[in-house]
Amino acid sequence: MPRLNKQQKRRRARARGLMALHAIMNAVIGVFGLYLFIMSTFRRPEPRPGLLNPNFYQSHINNINRLVRGNDVDYHKQLRVNRQTFFRLCY
């Protein structure tokens with residue numbers, strides 16, 4: 001087996017260093033991926049809006065009724081369309 005000159009030794013040392021850096025980066029990415037998996041699996045469930053306020057859906061219905069039965073200025077401010085266009089979209 002022939003001896004390596006200085007340039008070849010430097011190349012091999014650089015290649016070993018890059019392989020070590022690559023292995024470390026893969027390990028860090030793997031640990032971070034495992035952390036994300038664990039956090040997404042074992043997180044506390046977010047409460048649903050209906051459970052916080054028993055009148056949640058009724059308040060939405062009341063707001064829509066207020067818009068439909070209210071005046072045209074409020075209607076346009078909230079929905080950015082006039083009443084006739086909104087009813088055409090609903091139809």
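These are my notebook entries on a predicted model of one protein chain.

**Overall form**

I began with the fold and found that the secondary structure comes to 5 helices and 0 strands, which along the sequence reads as α-α-α-α-α. I then looked up the radius of gyration, which is 32 Å and well over the 12 Å that the globule rule gives for 91 residues, so I noted the chain as more spread out than a compact globule. The box filled by the C-alpha atoms, taken along the principal axes, is roughly 95 × 30 × 20 Å.

For the surface, I wrote down an accessible area of about 9100 Å², with 61% of that area belonging to carbon and sulfur atoms. Of the 91 residues, 3% count as buried.

**Helix α1**

I next asked which residues make the nonpolar surface patch of about 410 Å². The patch is made by L18, L21, M25 and I29. I followed I29 further and placed this residue in helix α1, which covers residues 6-41. The relative accessible area of I29 is 57%, and since exposed means over 50%, I entered I29 as exposed.

**The salt bridge between α4 and α5**

My search for salt bridges gave a count of 1. The partners are D72 and R83, whose closest N and O atoms are 3.0 Å apart. D72 belongs to helix α4 (residues 72-79) and R83 to helix α5 (residues 83-90), so this pair ties together parts that are 11 residues apart in sequence. I also checked the exposure of D72, which has 53% relative accessibility and therefore counts as exposed.

**The aromatic residues**

I went on to the rings and obtained a count of 2 aromatic pairs. The pair of Y75 and F86 is edge-to-face, at 5.8 Å centre to centre and with 75° between the planes. Because Y75 lies in helix α4 and F86 in helix α5, this pair ties together parts that are 11 residues apart in sequence.

Is Y75 buried or exposed? I found a relative accessible area of 1%, and because buried means under 20%, Y75 goes down as buried. F86, at 25% relative accessibility, counts as partly exposed.

The rings of F86 and F87 have their centres 6.0 Å apart and their planes at 55°, so I recorded that pair as tilted. F87 is partly exposed too, with a relative accessible area of 39%. Taken together, Y75, F86 and F87 form one aromatic cluster.

I then returned to R83, having met this residue in the salt bridge with D72, and looked at where its charged end is placed. The charged end of R83 sits over the ring of Y75, 4.7 Å from the ring centre. My entry for R83 therefore holds two contacts with residues of helix α4, one with D72 and one with Y75.

**The loop between α4 and α5**

Last, I looked at the backbone of R80, a residue that lies in the loop between α4 and α5. Phi of R80 is near 65°, which I marked as a positive value in a residue other than glycine. R80 has 62% relative accessibility, and I therefore listed R80 as exposed.

Technical notes. Residues numbered from 1 in each chain as written. Predicted model: local features only at pLDDT ≥ 70, side-chain atom pairs only at ≥ 80, totals over all residues. Heavy atoms only, no water. Salt bridge = Lys/Arg side-chain N within 4 Å of Asp/Glu carboxyl O. Helix = DSSP H or I, 4+ residues; strand = E, 2+ residues; numbered from the N terminus. Buried < 20%, exposed > 50% of the residue type's maximum accessible area, 1.4 Å probe, protein only. Patch = residues over 30% accessible without salt bridge, like charges linked within 9 Å, V, L, I, M, F, W, Y side chains within 5 Å. Areas by Shrake-Rupley, 256 points an atom, 1.4 Å probe, with all protein chains shown as cover. Phe/Tyr/Trp six-rings, centres within 6.5 Å; stacked < 30°, edge-to-face > 60°. Lys NZ or Arg CZ within 6 Å of the ring centre and 35° of its normal. Rg over C-alpha atoms; globule rule 2.2 N^0.38 Å.
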